[in-house]
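Hi there,

Here is the structure I promised to pass on to you. Have a look at it first, and then read my notes below.

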Amino acid sequence: MNLASSPARGTLFYTLRQEGLCARECLRFALRHPRYLLVGLAVYSRALPQWQASRPARMGYAFLQLFDDYMDGDRACSEDLSGVAERTRSYWQLGRFEPEGVLNRLGQSFYDALHRLPASEAAVAKADVAELLVAMHYDSQRRLLRWRLSAQALQGHLRQTFRPSLSLLLRCAGCQTQVGAVPAVVAALSWCSVVRDFKEDTRIGLINIPKESIPAGVKDVELWAHPQVQAWLREERRRGRALIEASESEIKAVAVQDPAAARLLGVFTRSMRKYLLD
């Protein structure tokens, strides 16, 4: 698509085209894994009664999930991933994307939709996105190069991924609660991501066990089945109980002033319980 054939931003045709593109990508995510079907249903169930106000949430989900799929190799990409990541970050900083390409079009719609938030909130949300793009690009690098990180480096990276993710979710959902009020929820989400996807992540090169806990001489392809790694993973599943209980305490405190945020965060804690080990 060239500039001459692109509908002008802000027109009805442009809006309908972008909404159709967003819905199509959400459907593609859902067809890839049932987990994304639930996310998509949650996004669009809120959209029906509040179509305009919920636009940042659905455009943000489509844009960031597509970028993540490229970085993780879940969606084929004909370009160098570092080039895609650097260009996307540059466009985001400028607030202006080229009109060609699905990722660019969704990125522009998400950036524009954030203007529906108060100026101070939009500024923080834009900074969160910039941080998250860096974290997802880093995942692509460590996947391709099969980096093994120290416990400190790994925990820092997981925080850099889930803190801005949750911050964005709360802001785009119109909640008053800020991510700093729920550090245990951030920690629990990081924990869940590791234990839930450990086998799949290891298969593609994302090594989410600290290098200090990896037995000497064990190759990546042997990690999942190694008895010491399985023991580490069982211990991680047990450790999650304290994180989820701390998260639930934070959510109860949040519920007093912000029941909408408490309901939203409660969905995550309930879903994470299935990955505990009794």
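Let's begin with helix H10, residues 259-272, in this predicted model. How far apart should the ends of its 14 residues be? At 1.5 Å a residue, the helix should span 20 Å, and its end C-alpha atoms are indeed 20 Å apart, so the expected and computed values agree.

Which residues of H10 are buried? They are Ala261, Ala262, Leu265, Gly266, Thr269 and Met272. Their cover includes three helices: H7 (151-172), H8 (183-204) and H9 (227-255).

Just before H9 you can find His226, in the loop that runs between H8 and H9. Its side chain reaches the backbone nitrogen of Gln228 at 3.1 Å. His226 also touches Pro215 and Val218, leaving aside residues up to four places away in sequence.

Now for the interior. In soluble globular proteins, nonpolar side chains tend to be buried together. Here the largest nonpolar core has 36 residues, and Phe63, Leu64, Trp92 and Phe110 have the most contacts inside it. Helices H1, H2, H3, H4, H5, H6 and H7 each supply at least two residues of this core. H3 gives the largest share, with nine residues.

Phe63 is a good residue to click on. Leaving out residues up to four places away in sequence, Phe63 touches Thr88, Trp92, Phe97, Leu103, Leu106, Gly107, Phe110, Val129 and Leu133. Another core, of 35 residues, lies apart from the largest one, and includes Trp191, Val195, Ile244 and Val254.

Happy exploring!

Note on methods: Residues numbered from 1 in each chain as written. Predicted model: local features only at pLDDT ≥ 70, side-chain atom pairs only at ≥ 80, totals over all residues. Heavy atoms only, no water. Helix = DSSP H or I, 4+ residues; strand = E, 2+ residues; numbered from the N terminus. Expected span 1.5 Å × (residues − 1). Buried < 20%, exposed > 50% of the residue type's maximum accessible area, 1.4 Å probe, protein only. Contact = heavy atoms within 4.5 Å. Core = buried A, V, L, I, M, F, W, Y, C linked by side-chain atoms within 4.5 Å. Polar contact = N/O pair within 3.5 Å; in protein donor to acceptor, adjacent residues only side chain to side chain.
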